[in-house]
Amino acid sequence: MHRKVVIIGSGPAGLTAALYAARANLEPLIVRGLQPGGLITTTNEVENYPGFIESIGGYDLANTMEQQAIKFGAETLDAIITHADLSERPFTLTTDGGATVLADTVIIATGASPRKLNVPGEDALANRGVSYCATCDGFFFRGKRGVVVGGGDSALEEGLFLTRFVTELVIVHRRDSLRASAIMQERALTNPKIRFEWDSVVEEIVGEEKVTGIRVRNLKTDATKLIETDGVFPFIGHVPNSQLFAGQLATDESGYLITDHRRRTGVPGVFAAGDVVDHIYRQAVTAAGEGCQAAMEATWFLAEQEFLAKQAESVAA
Ligand code: NAP
């Protein structure tokens, strides 16, 4: 398989890149990756994507974007890229199924994954009470107790969603003030089902077959205590999915890919957009904007390469 444009990742950045590349007649291939539609699909209600007066579900938003790109000629591949050789053009991408995809340009839109607490019990009890997606798993906690960890917009938004199901929700935050936007803070602080455990960190997730509690330590008093719960939802930020390009593309100290303001990485023909680059805004709308930029740059890059090839041909003739 040889394509002019291969987009790795299918969140708002990748899908918008696909839309623009498709409308430039480049028939882009979207490699959908581990989480088709990206992280936005785990958001229940998106209230801040322009164009929707009523909120839209994250899954519906991603699905609509994908259908729009497909309508103009984008193609999808349900695969994960396990190896990328960016040393020469066309670039060589290998899928988890062992297929090889050659790409004249690559747009990296691999996003970011939820950051783990890295405490005892977290991995052992994953999917047995530990979840990183309230939208996906909230229903299973109907009539039960829940804990959310974090003080950002994700923690409060997902926590508020969980209050539809749980009898009580404790939000554990390591400081005594929240990072989340004012509107989210107001909603969470006034919700009767929510109680905050301030200045505290989770030291252990407790349970045998399933989660029964968490052990927390108060950072001001150093006191520890057990909070009984049936579910733990950590929302403490994200880690960029850039490992695939280690040693080939520059990253910052947190692993975010570095691009210039035109979404170009250090390798000509390789562009990056969305959460794998952006550790500041991380919004669906900014990711979409960056995806658009990356696709326009890829289009111009290909046109330039074509022009140079023709020029070389005519010199040789
Ligand atoms: P975030 O804003 O980076 O917040 C992460 C939270 O986790 C912070 O409160 C942080 O504490 C805490 N934290 C980080 N590492 C921790 C650790 N090891 N142990 C305990 N706590 C830890 O991440 P986010 O909430 O996922 O949001 C990411 C971006 O998406 C933000 O720009 C946000 O505004 C945006 N977002 C927007 C919406 C919306 O507008 N509807 C919804 C979701 C997300 P500190 O505060 O002490 O650093």
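R264 is where I will start: R264 is partly exposed, and its relative accessible area is 34%. This is a predicted model, so please hear each value as computed from that model. The partner of R264 is D260, and the two side chains meet in a salt bridge, with 2.7 Å from N to O. D260 is partly exposed as well, at a relative accessible area of 27%. Elsewhere, R32, E66 and D78 are joined into one network by salt bridges that share partners.

How many salt bridges does the structure hold? The count is 17. In general, side chains of opposite charge can pair when their charged atoms come close. I will take two further pairs from the set.

One of them is K116 with D123. Their side chains form a salt bridge, at 2.8 Å from N to O. How accessible is each side of that pair? K116 has a relative accessibility of 37%, so K116 counts as partly exposed. D123 has a relative accessible area of 54% and is exposed; the cut-off for exposed is over 50%.

The other pair is R217 with E203. Their closest N and O atoms are 2.6 Å apart, and they form a salt bridge. Where do the two residues lie? R217 is in strand 12 and E203 is in strand 11, so this pair ties together parts that are 14 residues apart in sequence. R217 is partly exposed, with 23% relative accessible area. E203 counts as partly exposed too, at 30% relative accessibility.

That pair brings us to the sheet. Strands 11, 12 and 13 form an open sheet, in the order 11-12-13, with antiparallel pairing. Why is one side of strand 11 left without a neighbour in the sheet? Strand 11, residues 200-207, stands at an edge with a single partner strand, so one of its sides has no neighbour there. Strand 13, residues 224-228, also stands at an edge with a single partner, and one side of strand 13 is likewise left free of a neighbour in the sheet. On average, neighbouring strands of this sheet are turned by 25 degrees against each other, direction ignored.

Look now at strand 12, which covers residues 211-218, and at its pairing with strand 13. The two run antiparallel and are joined by 5 bridges. Which residue of strand 13 is the bridge partner of I214? That residue is I227.

The last part concerns the backbone in three loops. As background, most residues other than glycine have a negative phi, and most peptide bonds are trans.

The peptide bond from R89 to P90 is cis, with omega near -5 degrees. P90 lies in the loop between strand 4, residues 81-85, and strand 5, residues 91-95.

Next is E27. Its phi is near 45 degrees, a positive value in a residue other than glycine. Which elements stand on either side of its loop? The loop of E27 lies between helix 1, residues 12-23, and strand 2, residues 29-31.

Finally, N127 is not glycine either, and its phi is positive, near 65 degrees. N127 sits in the loop between strand 7, residues 112-114, and helix 3, residues 134-137. Is N127 buried or exposed? N127 has 70% relative accessibility, so N127 counts as exposed.

To close, three items to find in the model: the salt bridge of R217 and E203, the antiparallel sheet in the order 11-12-13, and the cis peptide bond from R89 to P90.

Terms used
Residues are numbered from 1 along each chain as its sequence is written. This is a predicted model: local features need pLDDT of at least 70, side-chain atom pairs count only at pLDDT 80 or more; totals for chains, interfaces and linings use all residues. Side-chain values use heavy atoms; hydrogens and water are left out. Two strands pair if DSSP finds at least two bridges between them. Helices (H or I, at least four residues) and strands (E, at least two) are DSSP runs, numbered from the N terminus. Axes are lines fitted to C-alpha atoms, for helices over the stretch in contact, and angles run from 0 to 180 degrees between N-to-C directions. Buried means under 20% relative accessible area, exposed over 50%, partly exposed in between (1.4 Å probe, protein chains only). A salt bridge is a side-chain nitrogen of Lys or Arg within 4 Å of a carboxyl oxygen of Asp or Glu.
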